[in-house]
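Student: Hey, got a minute to look at this one with me? I'd like to get how the two chains fit together.

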There are 2 protein chains.
Amino acid sequence: MDIAVVGLGSMGMGMARSALAHGASVRGYDIRADVRAAFVAAGGRTGETLASVVRDADVVFLVLVNAKQTEEVIFGPEGIVKELSNGAVIVSCATLAPKDARDFAARVEEKGFHYLDAPISGGAAKAAEGKLTVMASGSPQAFAAAKPALDMVAETVYALGDEAGIGTSFKIVNQLLAGVHIAAACEAISFAKRLGLDLTKVYEVITKSAGNSWMFENRIPHVLEEDYAPRSAVGIFTKDLGIVGDIARELRFPTPMAAEALQLFLMTAAAGMERDDDASVARLYNLIADLQ
Amino acid sequence: MDIAVVGLGSMGMGMARSALAHGASVRGYDIRADVRAAFVAAGGRTGETLASVVRDADVVFLVLVNAKQTEEVIFGPEGIVKELSNGAVIVSCATLAPKDARDFAARVEEKGFHYLDAPISGGAAKAAEGKLTVMASGSPQAFAAAKPALDMVAETVYALGDEAGIGTSFKIVNQLLAGVHIAAACEAISFAKRLGLDLTKVYEVITKSAGNSWMFENRIPHVLEEDYAPRSAVGIFTKDLGIVGDIARELRFPTPMAAEALQLFLMTAAAGMERDDDASVARLYNLIADLQ
C-alpha cells in the first residue's frame, strides 16, 4: 500500500507518521522545505515536486487548509490529477463547503479516479496517535480504496453516505457547535474571573455540571495555564465559522449563535492573535475587561 | 431531623420525597393546594400555612423560582424568619443574583438564623433520585446545620466558600454556558435538518466529537422525538440568562454569547412556547425556516 500525504502541518504530519508506524510506504509533501526535511528525519520519504510524491500512490490524503488550496493541488497547473495511477483515491480532509466537495468529486471521477469527502476531527494530539475521527462520504469504490489507509490514521471512520458533500456537511455542523462552545467557554471563564471566583474550582465544578462541553473541558486548561501556543489557531475558526455563515446565508437559514461566535474570533484575530491558540478568545475578554 | 421544603415544583417535590425516603420527618409547602395534596399522597406532611410547616424545622429548603419569591417567603408579611426555631438554617436553592444572596444572608443572620447560598443543578430527574449537584457557600455553621439534609437530596455538594454569593456566582457561570449550549444545540440540529442530514446520525456523530456538550447530549433527544413536554422550561432560561445579563451589565462586563442566546429564548417564548421544554428553541428555528 503506497500512501501520499500532501500538507504536513500538525494534522498531516501526525497522519503521515501514524501510517509509517503501521508499516505503510508513505511519501509526504509540503511546500515548506523544512517541513519536508522534518518528515524525512522521522523516517518518511518525500520528493522535490508534488508530482513525484503522488505518482505511485494508491491513496492520496490532502490535509490542506481550505477549498482554494485543495482545488489548486488537485486541478492546478501542477495538479495531481495529471499524475495519479490507475485506481487511486483522493481523500480530502479539509473543511469545505459541501458544494465544493461535490464539485471536486465530480471532476476527479470524470478523470477516472476516486474521491472521498473525508473531513477529520480530533486535533493534533489525536492525529499523532493515529486516533482521528473521520466524517466520510463517497462512492463505495472510494471507500474500498481508502479504507486500509483510513484505518491507520483514524480511530473512528463514519461512513455517512454514498456521495461527496455529506461528510463536509456533518463537519460543518460540528464546527458550528465547536466554535460557539469555545467562544462561550472563554466568555464564561473570563466572567468568572470578573466575579472573583477561584478559576480552578470553576473548572472542576463546570466539567461535572450541565454547563460542560467537550471544548470547555479541552480548552479552558490553556486559559488557566496562560498557554496560548496554538494547538488549533484562532484562524481555523474565522475560516470554519465563515464557511458556516456562507452556507447558511446561501440556504437562507439564520445562525445567530455561530455569527456571534465568528465576530468574537474576528475580534481576537484583529487584536493580533490570529495565529495563537483558539482559547485566546478568553484573552480578548480579559483585555477588554482589564483582567490581565 | 425535621426538614421543611417550601416550593413543591418538580425540583422541590423531588427533594422532599428524597428526604422522606431517607427516613427524615419532612413537611412540604406550596401555595397550590393540589400540589400540597400530592405530597401528602406521597407520604409527606403539610400544613395550611407556611408558618405551621416551618415552625419546628431544623432545615428549611427554599426551592423557589427567583429572588422576589425567595424574599417574600423569608421576609414578607408571613415571612418565615418570624417563625423559625433556634439554630435553624435556610437553604436557598433558587438562582439569584450574588448580591441578593449576600443581602438575604445578612438579614437572616441578623435575626439569629443561618443561611446557605445553595443553588441546585441536575434537573427534575436527578432531584427525584436524590442526586442533585449543589453549589453552596455560607458560614461553617450554616454548612454544619444543613449537611445531613443536603446529603439526602444531593449526590455532590460543592463547598465553594464561606460567604453567601459565591454559590450563586458559580451557578450563574453554569447557566451562562447551559443557556448558550441549548441555543447552539438547537441552531445546529435545525441547520442539519436544513442541510438534509440524517438527524439520528448527526446525534450519534456529534456526541462522540469535539462539538459535543452536556446540553446537546441531553436535549437533542427531545427534538428528535418531537417531545416538548417541559423537563425544564424556556421560561427558566429567559430568567437565568436575564440574571446573567443584569449582573454582567452592572459589572460592565460584555457577554455577547449569553445575550444572543437570551434573545433566542425570548423569541421562543414570544412565539408561545415559554412553558414548553427549553429544547423548543429548535422548534423556533424549524418554524422560521419552514422545516416542520
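**Where chain B meets chain A**

Student: OK, how many salt bridges are there between chain B and chain A?

Tutor: Zero salt bridges are counted between chain B and chain A. Keep in mind that this is a predicted model.

Student: And how many residue pairs are in polar contact?

Tutor: Between chain B and chain A there are 12 such pairs, taking residues that are both at pLDDT 80 or more.

Student: Which parts of chain B supply the side that touches chain A?

Tutor: Quite a list: β7, β8 and the helices α8, α9, α10, α11, α12 and α13 of chain B each give at least two residues. The largest share comes from α8(B), with 20 residues.

Student: What classes of residue are on that side of chain B?

Tutor: The side of chain B touching chain A has 42 nonpolar, 11 polar and seven charged residues.

Student: New topic: how much area do the two chains bury between them?

Tutor: About 5,100 Å², and 76% of that is on carbon and sulfur atoms. On chain B's part, F191(B), F253(B) and M257(B) supply 15% of the area buried against chain A, more than any other three residues.

Student: Can we zoom in on two helices? At what angle do α8 of chain A and α12(B) cross?

Tutor: Roughly 115 degrees, with their axes coming within 8 Å.

Student: Which residues meet there?

Tutor: From α8(A), V180(A), A183(A), A184(A) and E187(A) meet P256(B), M257(B) and A258(B) of α12(B). By class, that contact has six nonpolar residues, one charged and no polar ones.

Conventions:
Residues numbered from 1 in each chain as written. Chains lettered and ligands numbered in written order. Predicted model: local features only at pLDDT ≥ 70, side-chain atom pairs only at ≥ 80, totals over all residues. Heavy atoms only, no water. Buried area = accessible area lost by both parts, 1.4 Å probe. Salt bridge = Lys/Arg side-chain N within 4 Å of Asp/Glu carboxyl O. Polar contact = N/O pair within 3.5 Å; in protein donor to acceptor, adjacent residues only side chain to side chain. Helix = DSSP H or I, 4+ residues; strand = E, 2+ residues; numbered from the N terminus. Nonpolar A, V, L, I, M, F, W, Y, C, P; charged D, E, K, R; others polar. Axes fitted to C-alpha atoms, helices over the stretch in contact; angles between N-to-C directions. Contact = heavy atoms within 4.5 Å.
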